[in-house]
Amino acid sequence: MNYTNTNDIPRVYVACLGAYNAGKLVGKWVDADSNLADTVAELVQEWYKIGGLEFGDECAIHDHEFGNAWPGGENPDLHYVGELGEAIQEHGDGFKAYLNICSSFSDVQTAVDEYENTYKQKGTRTDVAYDYADEMGYLADDASGFVGSCIDWEQAYEYFGFYESDGWHFLLD
């Protein structure tokens with residue numbers, strides 16, 4: 001399942017490992033929010049009541065809507081995943097696109113801080129390069145528009161060093 005809705009909280013698919021190992025599909029999609037660890041613990045208790053020792057008390061994340069921002073593995077730190085999910089919900093698709101490029105952070109707040117301090121824009125590569133050049137004052141003396149019309153903005157985009165992810169463009173340090 002792909003994450004496609006703007007500002008929706010990403011979800012994870014929590015699977016019951018005992019049921020999975022017994023050839024049964026038992027699991028549930030849940031929101032990855034600050035309650036994720038408690039939600040997963042409740043699911044495990046529910047599954048244990050239903051399936052007893054056959055289902056056991058182990059679970060794993062078998063799918064997610066985090067894209068490349070996923071911290072990795074079937075058993076990540078659920079508190080971290082919940083905090084990351086809420087940050088994606090708060091900051092939207094631009095933040096998720098940023099995490100697709102820069103996914104290694106020691107904590108979620110560091111990722112948010114760096115995202116907020118990064119030049120970012122959504123649009124075509126040529127529009128992004130032109131707008132950035134204009135904002136930086138490179139076109140300030142070009143009242144006639146001649147210089148701007150003579151520039152290969154695709155090449156300028158590469159020169160400036162932008163990174164692209166999901167239609168968003170980022171200028172990283």
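In which sense do S5 and strand S6 pair, and over how many bridges? In this predicted model, S5 and S6, the latter spanning residues 168-171, are antiparallel and are joined by 4 bridges. I shall return to that pair after an overview of the chain.

Let me begin with the overall architecture. The chain contains 7 helices and 6 strands. Followed along the sequence, these elements give the pattern β-α-β-α-β-α-α-β-α-α-α-β-β. The radius of gyration is 22 Å, whereas the globule rule gives 16 Å for 173 residues; the computed value is well over that figure, so the chain is more spread out than a compact globule. Along the principal axes, the C-alpha atoms fill a box of roughly 75 × 30 × 20 Å.

I turn now to the sheet built from S1, S2 and S3. It is an open sheet of 3 strands, ordered S2-S1-S3, and its pairing is antiparallel. Strand S2, residues 27-31, and strand S3, residues 59-64, are the edge strands, and each of them pairs on one side only. From one strand to the next, the twist averages 35°. Strand S1, residues 11-16, is joined to S2 by 5 bridges, with the two strands running antiparallel. Within that pairing, Val12 has Val30 of S2 as its bridge partner.

As a general reminder, strands of a sheet pair through backbone hydrogen bonds, in either a parallel or an antiparallel manner.

The other sheet I wish to discuss is the one that holds our opening pair. Here, too, we have an open sheet of 3 strands, in the order S4-S6-S5 and with antiparallel pairing. Strand S4, residues 119-122, and strand S5, residues 162-165, stand at the edges with a single partner strand each, so one side of each has no neighbour in the sheet. The twist in this sheet averages 25° from one strand to the next.

Looking at individual bridges between S5 and S6, Ser165 is partnered by Trp168 of S6, and Tyr163 is partnered by Phe170 of S6. The hairpin of these strands has 2 residues between them, and Asp166 takes a positive phi near 55° there.

Which helices lie against this sheet? Helix H5, residues 125-135, lies across S4, S5 and S6 and runs at about 140° to S4. H3 also packs on the sheet, where H3 touches S5 and S6, and the direction of H3 makes about 60° with that of S6.

Next, the helix pairs, starting with H5 and helix H7, residues 153-160. Their axes are 8 Å apart, and the two helices pack at an angle of about 65°. That angle makes H5 roughly perpendicular to H7. The crossing of H5 past H7 is left-handed. On the H5 side, the contact is made by Arg125, Thr126, Val128, Ala129, Tyr130, Tyr132 and Ala133; on the H7 side, by Trp153, Glu154, Ala156, Tyr157, Glu158 and Phe160. By class, the residues of this contact divide into 9 nonpolar, 1 polar and 3 charged.

The remaining helix pair is H3 and H4. The axes of helix H3, residues 78-101, and helix H4, residues 108-116, come within 10 Å and cross at roughly 15°. The two helices are therefore roughly parallel to each other. H3 passes H4 in a crossing that is left-handed. H3 contributes Tyr80, Glu83, Leu84, Ala87, His91, Gly94, Phe95, Tyr98 and Leu99 to the contact, while H4 contributes Val108, Gln109, Ala111, Val112, Glu114, Tyr115 and Glu116. The contact of H3 with H4 has 10 nonpolar, 3 polar and 3 charged residues.

I close with one residue of that contact. Where is His91 placed? His91 lies in helix H3. Leaving aside residues up to four places away in sequence, His91 touches Val112, Tyr115 and Glu116. His91 is separated from Ile61 by 30 residues in sequence and by 24 Å in space, C-alpha to C-alpha.

Technical notes:
Residues numbered from 1 in each chain as written. Predicted model: local features only at pLDDT ≥ 70, side-chain atom pairs only at ≥ 80, totals over all residues. Heavy atoms only, no water. Axes fitted to C-alpha atoms, helices over the stretch in contact; angles between N-to-C directions. Parallel < 35°, antiparallel > 145°, perpendicular 65-115°, else oblique. Left-handed = near helix turned anticlockwise from the far one by under 90°. Contact = heavy atoms within 4.5 Å. Nonpolar A, V, L, I, M, F, W, Y, C, P; charged D, E, K, R; others polar. Pairing = 2+ DSSP bridges. Rg over C-alpha atoms; globule rule 2.2 N^0.38 Å.
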